[in-house]
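User: Hi, I'm new to reading protein models. Could you walk me through this one and tell me what backs up each label?

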Amino acid sequence: MFMKRQLPIAIAAIIGFITLFGWFVSEPNIKSFVDDDATQWFDILASFAIFLGALNLLKLQAMKVMKQQKGWPYAALAIAGFLFSFSAGFILLGSYNVEISQYNDPAKVATVLASEINLDEKSTENILMAMPEGDTYTIETPYFTKNGAEDVVEKINAAGGTANMRATEWGSHISTRGSLFNWMFRFIFTPLSATMFALLAFFVASASYRAFKIRNFEATLLLVSGIIIMLGRVPIGGNISAWFIMYIVVLSIGAGVNTWFKNRTITLATVGGGILLVTIAGFITGWPIDQPGIFYLPVLQDWIYNNPNVAGARAIMIGIGLGIFATSIRYILGIEKSYIGE
Amino acid sequence: MEKFLDFIVRAGSLDRRYIFVVIALVVLLPLFFPLGLPIRPTIASQKVYDVVEELNAGDKALVSFEYGPSTKPEIHPMAVALLRHLFEKDVKVYITCLWPDGQFMAMEALEQVAEDQYNKVYGEDYVLLGFRPGNEAVIKGLVSNLRKVFTVDANGNFLDDIPMMTGINQVADFDYLFSASAGYPGTVEWVQYAADPVGITMSTGTTSIQVNEVMPYVQSGQIKGILGGMPGAAEYESLIGQAGIGTSGMDAQSVAHVVIVAFIIFGNISFFVERRRSKKY
Amino acid sequence: MKDKQFWSVAGIIFVLFMIYWFAGHPYFVSERSVMFWSILIVGGVLIYSTRMAKRGEKIFLRTIPGLKAVEEAVGRSTEMGKPVLYVPGIMDMDQVETVAGVVVLGHVAKMTARYETSLNVPVSRAIVMKAARESCRESYLLEGRPDLFHNDMVHYLTDDQFAYAAGVNGIMLREEPAACLYMGKFYAESLLLAETGNSIGAIQIAGTASPSQIPFFVTACDYTLIGEEFFAASAYLSQEPELIGGVKGQDTLKLLVTATVFISLTFNFFHDLGWISWDILGYLTVQ
C-alpha cells in the first residue's frame with residue numbers, strides 16, 4: 001500500500017516543490033536540477049518506456065493476425081512496417097559509398113559509372129576528367145547493401161579504375177542523404193504524414209458545411225466572421241471590391257428591416273435608398289477597390305484577427321493558465337490523488 | 001418549385017464524399033492552370049520582413065526548425081523564403097531543431113537555398129547544429145550555455161573547429177531568432193524561455209491553425225511579426241521578390257476557400273428551406 | 001490534517017520564512033520576487049478554498065453539460081452493445097492536460113465497469129499507457145468488477161501524431177463505438193478524429209485546453225469542455241469537497257487577476273502620461 005499510495009504522492013510533492021521553488025533559488029545544484037536534470041530524467045524514463053509501448057503494439061497486432069480478426073491484414077502490415085523501420089534504424093546500416101580515386105582510361109570507367117549516376121557516358125567522362133589530381137570522386141547516392149556497393153567497385157576496378165567502398169558511420173546513417181533510413185523517411189514517412197495532414201482540408205470543408213448554420217445570433221456572427229477570415233486571408237479576397245461588400249451589407253440590412261417591420265414599403269425604401277447612396281458614393285470616389293477600408297475584406301480580416309480574436313484568445317489563455325496552475329498545486333499538495341486511482 | 005426545394009433539402013444532407021471530390025478538384029485545377037492572383041502582405045508578415053531587413057551583413061540569426069513532414073507544405077515554403085532573405089543579406093545562419101524530423105527539413109532547405117542557390121560555405125556562412133532531445137529544456141540550455149547542449153554539430157564536427165561558432169556561447173549572442181514551428185515545442189516555448197528573458201528580437205512562422213494561439217504574443221510585441229501558414233509564406237515570397245511554392249499554392253487555396261464559402265451558403269439555404277417546412281407541418 | 005495542526009504548521013513555515021527573508025534572503029533571486037509572491041498568494045487562495053470546502057462550506061458548482069453527458073454517452077453505448085472509445089490526447093504525462101485526461105478516464109472507467117460496457121483506450125505515449133492502465137484497474141477494482149478489467153483495454157499505438165490519428169480512425173471505422181471521448185492535449189489531429197467519429201454517428205464529448213483546437217471540437221463534437229471546465233472535470237465527477245473547493249479558488253483567483261489587470265492598466269496609463277515614473281510593466285515582466 002505504501003508503495004502504491006504514499007510513495008508516489010511523496011515523490012510528486014517533493015519533486016514538484018523543488019521544481020516550482022527552485023526557479024527562485026540561485027544555488028547551482030538546484031538550478032541544474034530544475035533546468036536540466038529533472039526534464040532529462042523524464043526523457044530517459046520515457047525513452048525506456050517506449051519498449052513497453054512497442055511490445056504492447058506488437059503483441060496486440062500479432063494476436064489480431066493469429067485470430068484473423070476484422071482488418072487483420074492491416075495488423076500484418078503494421079508488424080511488417082515496424083520490423084522494417086526498426087531494421088533500417090538499428091540493424092541495417094543501409095549506406096555504403098563508392099569512391100573512385102584513380103583511372104587509366106576515363107572512357108572505360110565512364111561506361112560503368114554512367115548507369116550508376118544516371119548520366120550519359122560523355123557527361124560522366126567529363127566529370128571524371130575534371131577531377132583534380134589526387135582527389136576522389138564519390139558516387140552521390142549511397143548503396144543500401146554492402147554487396148551492391150562492392151559489385152560496382154569490382155566493375156570499376158575491372159574497367160581499369162581504382163575504387164573502394166566506404167561504409168557510413170553508425171548514427172550518421174540516419175541523416176545521410178540516400179541511406180535506407182533516409183529513403184524510408186523521404187519516400188514513405190513524408191508522403192504518408194503529409195497525406196494525413198492534407199485530409200484536414202477535406203474535413204474542414206465537410207465540417208463547415210454541416211456546422212456553420214444560422215441558428216441564432218451568435219452562430220450568425222461566427223458564420224460571418226468565418227467567411228470574412230476565409231476570403232480575406234487569401235489573395236482572392238483582395239480582388240473583391242469594398243463596394244460589392246457594401247451592396248451585400250445594404251441587402252442584409254434590408255432583410256433585417258423586413259423581419260423587424262414586416263412592411264414591404266419600408267423594406268423597399270431602405271434597400272433602394274441604400275443602393276442609391278452606395279452607387280452615388282461610388283461614382284463620386286471612382287470605385288476604389290480597397291476603399292472604404294472597413295468594407296475591404298483583407299482589412300476586415302486583419303481587424304478580426306488582431307482585435308476580437310486576440311481578446312478572446314487572451315481570456316482563454318489566462319483561464320487555462322490558472323487552471324493548469326491550480327491543477328499542478330493540487331497534485332503537489334496531494335489534494336488531487338485521482339492519477340493514482342484514488 | 002416544390003421539386004427544386006426537395007432537391008435543395010436533399011442536397012443539404014449531401015454525402016461528405018461528394019464534398020471531398022469537389023475540394024480535390026478545386027485544389028488540383030489551379031495548380032495546373034494558375035490564376036496569378038496578386039498577393040498583398042499583411043502587417044504581421046511585413047513586420048517579419050522589416051525586422052530581417054534591419055539586420056546587417058555578418059549579423060547572427062538563430063533559426064529553429066520545429067516541424068515535420070506532415071506540416072511541411074505549410075511551413076517549409078516560409079522557412080525557405082526566410083533563409084533566402086537571410087543569405088541575400090549575408091547574415092550568418094545557425095540552425096537548431098527541437099523536433100527530430102526538423103533536422104531533415106533543415107537539411108532539405110539548406111541544400112536548396114544555401115548550397116544550390118547562394119553557394120554559401122558550411123561553417124563560415126551557415127551551420128546546422130541539429131536536433132537535441134529535451135523540448136523546452138534544450139531552449140533553457142541554449143539560453144544559459146549553448147556549448148553544454150551542443151558540443152558537435154549535426155555532421156559530428158566539434159563546435160570549436162567551426163569558424164562561425166567563435167564567440168557564440170548562448171542565445172544572447174545572436175542578433176535575431178526565428179522559430180518555424182508547427183506545435184510543441186515551438187514558438188510559445190521560445191518566447192517564454194528565450195526571447196522574453198534574454199530580450200532577443202524574435203519572429204515566427206506557424207501553421208494557420210496556430211496563429212490564434214500566437215497572435216497575443218505578436219500584438220504585445222514579444223514576437224516581431226508572424227508568417228501564418230501558406231498565405232504567410234506567399235506574402236514573404238512576394239516581399240523578397242522570389243516566388244516559390246507558397247505563391248503557387250495561393251491560387252489553389254483561394255479557390256478552395258471560395259468553394260467552402262459556397263458550400264456554407266448552400267448548406268444554409270437548405271437549412272432554411274427545411275426549417276420552414278418543419279414549421280409549416 | 002486538522003485545522004489546528006494546519007495553522008500551526010503554516011505559522012511555523014511563515015515565521016521561518018520571515019526570518020530567512022529579513023536575514024537578507026541568501027540564494028534568493030530577487031528579480032523574480034513578484035513571481036514568487038504571486039505563487040504564494042495563488043497557492044494560499046487555493047489552500048484556503050480547499051480547507052473551507054472541507055469544513056463543509058456549501059459551494060455551488062454549475063452544471064457542466066459536457067460532463068453530465070458523459071454518463072449518458074456510456075449508457076447509450078451499453079444500450080447499443082457497442083464500446084466506448086477514450087482518447088487521452090497525444091502528449092506525455094509531463095503535460096497537465098494529459099494528467100487531467102487520465103483522471104477523467106478513471107471516472108469513465110468506473111461508469112463502464114458499472115454498466116459492463118467495453119472500454120477501448122488507444123494511447124500515443126508508453127508512460128500514458130502505464131498510467132491510464134493503472135487508473136482503469138483501480139476504477140474497476142473500486143466498482144467491484146476486476147473480472148471485467150483486462151490490460152489490453154489500454155493499448156499503445158504510436159508516438160507519431162498523424163500515424164496515431166490514422167490508427168484511432170481505423171479503430172473507429174472497424175469497431176464503430178457508440179461514444180467517443182477526447183480528453184487531453186490535442187493538435188491538428190483533433191478534427192481528423194472528431195470528423196471520423198461524427199461520420200460513424202457516435203456521441204462525441206471533447207475536453208481540451210489547447211486554444212487552437214477548441215473551435216474544431218466545438219464544430220464537430222456534441223459537447224466540448226473548454227479549458228477550465230476540463231480541469232474542473234475531476235471535481236465535478238467525484239463531487240469531492242476538496243476538489244470543488246479548488247475550483248472555487250480558481251474563480252477567486254480570476255477576480256484577483258482581473259483586478260491586477262485593471263490596476264496595472266491604470267498605473268501604465270499614468271506612466272505613459274508621465275505622471276508617475278514607476279514602470280509597472282517592467283516590474284511585472286518575468287525576468
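User: Which residues point one way from strand 4 of chain B, which point the other way, and are they buried or exposed?

Analyst: Tyr176(B), Phe178(B) and Ala180(B) point one way, Leu177(B), Ser179(B) and Ser181(B) point the other way, and all of them are buried. A residue is buried if 20 or more other C-beta atoms lie within 10 Å of its own, exposed if 12 or fewer, and partly exposed in between, with C-beta atoms placed from the backbone. Strands (E, at least two residues) and helices (H or I, at least four) are DSSP runs, numbered from the N terminus.

Some ground rules before we go on. This is a predicted model, where local features need pLDDT of at least 70 and side-chain atom pairs count only at pLDDT 80 or more, while totals for chains, interfaces and linings use all residues. Residues are numbered from 1 along each chain as its sequence is written, and chains are lettered from A and ligands numbered from 1 in the order in which they are written.

User: What makes strand 4 of chain B largely enclosed by the rest of the structure?

Analyst: Strand 4 covers residues 176-181 of chain B, and six of the six are buried, so the strand counts as largely enclosed.

User: How do you know that strand 1 and strand 4 of chain B pair?

Analyst: Two strands pair if DSSP finds at least two bridges between them. Strand 1 (residues 60-66) and strand 4 of chain B have six bridges, in the parallel sense, so they pass. One bridge partner in strand 4 is Ser181(B), which goes with Glu66(B). Strand 4 of chain B is also parallel to strand 5 (residues 202-206) of chain B, with five bridges. There, Leu177(B) has Met202(B) as its bridge partner.

User: Why is the crossover from strand 4 to strand 5 of chain B called right-handed?

Analyst: The chain leaves strand 4 of chain B, goes through helix 8 (residues 187-198) and arrives at strand 5, and this β-α-β crossover is right-handed. The label means that, with the strands pointing away from the viewer, the path from the first strand over the helix to the second runs clockwise.

User: Why does Thr42(B) count as buried?

Analyst: Thr42(B) has 22 C-beta neighbours inside 10 Å, so it counts as buried. Thr42(B) sits in the loop between helix 2 (16-32) and helix 3 (43-53) of chain B. Leaving out residues up to four places away in sequence, Thr42(B) touches Asp302(A) and Glu235(B); a contact needs C-beta atoms, placed from the backbone, within 7 Å. Pro231(B) is 189 residues away from Thr42(B) along the chain, but their C-alpha atoms are separated by 9.4 Å.

User: What makes a group of residues a nonpolar core?

Analyst: You need buried Ala, Val, Leu, Ile, Met, Phe, Trp, Tyr and Cys residues joined through C-beta atoms within 7 Å. The largest such core here has 210 residues, and Ala61(B), Leu83(B) and Val108(C) are among those with the most contacts inside it. Helix 7 of chain A gives the most to this core, with 14 residues. Apart from it lies another core of 15 residues, including Tyr96(A) and Tyr143(A). Back in the largest core, Ala61(B) has contacts beyond its neighbours within four places in sequence, among them Leu86(B), Phe174(B) and Tyr176(B).

User: How many residues of chain A are in contact with chain C, and how many of chain C with chain A?

Analyst: 50 residues of chain A are in contact with 57 residues of chain C. Helix 13 of chain A supplies the largest share of the chain A side, 15 residues. By class, that side has 34 nonpolar, 12 polar and four charged residues. For those classes, Ala, Val, Leu, Ile, Met, Phe, Trp, Tyr, Cys and Pro count as nonpolar, Asp, Glu, Lys and Arg as charged, and the others, Gly among them, as polar. The contact between chain C and chain B takes nine residues from each of the two chains, and the chain C side there has five nonpolar, four polar and no charged residues.

User: What makes up chain B overall?

Analyst: Chain B has 11 helices and six strands. Of its 281 residues, 52% count as buried. The C-alpha trace of chain B spans about 80 × 35 × 30 Å along its principal axes. Chain B is divided into domain 1 (2-33 + 253-280) and domain 2 (43-243), with bounds that come from an automatic or database domain assignment. The C-alpha centres of these two domains of chain B lie 41 Å apart.
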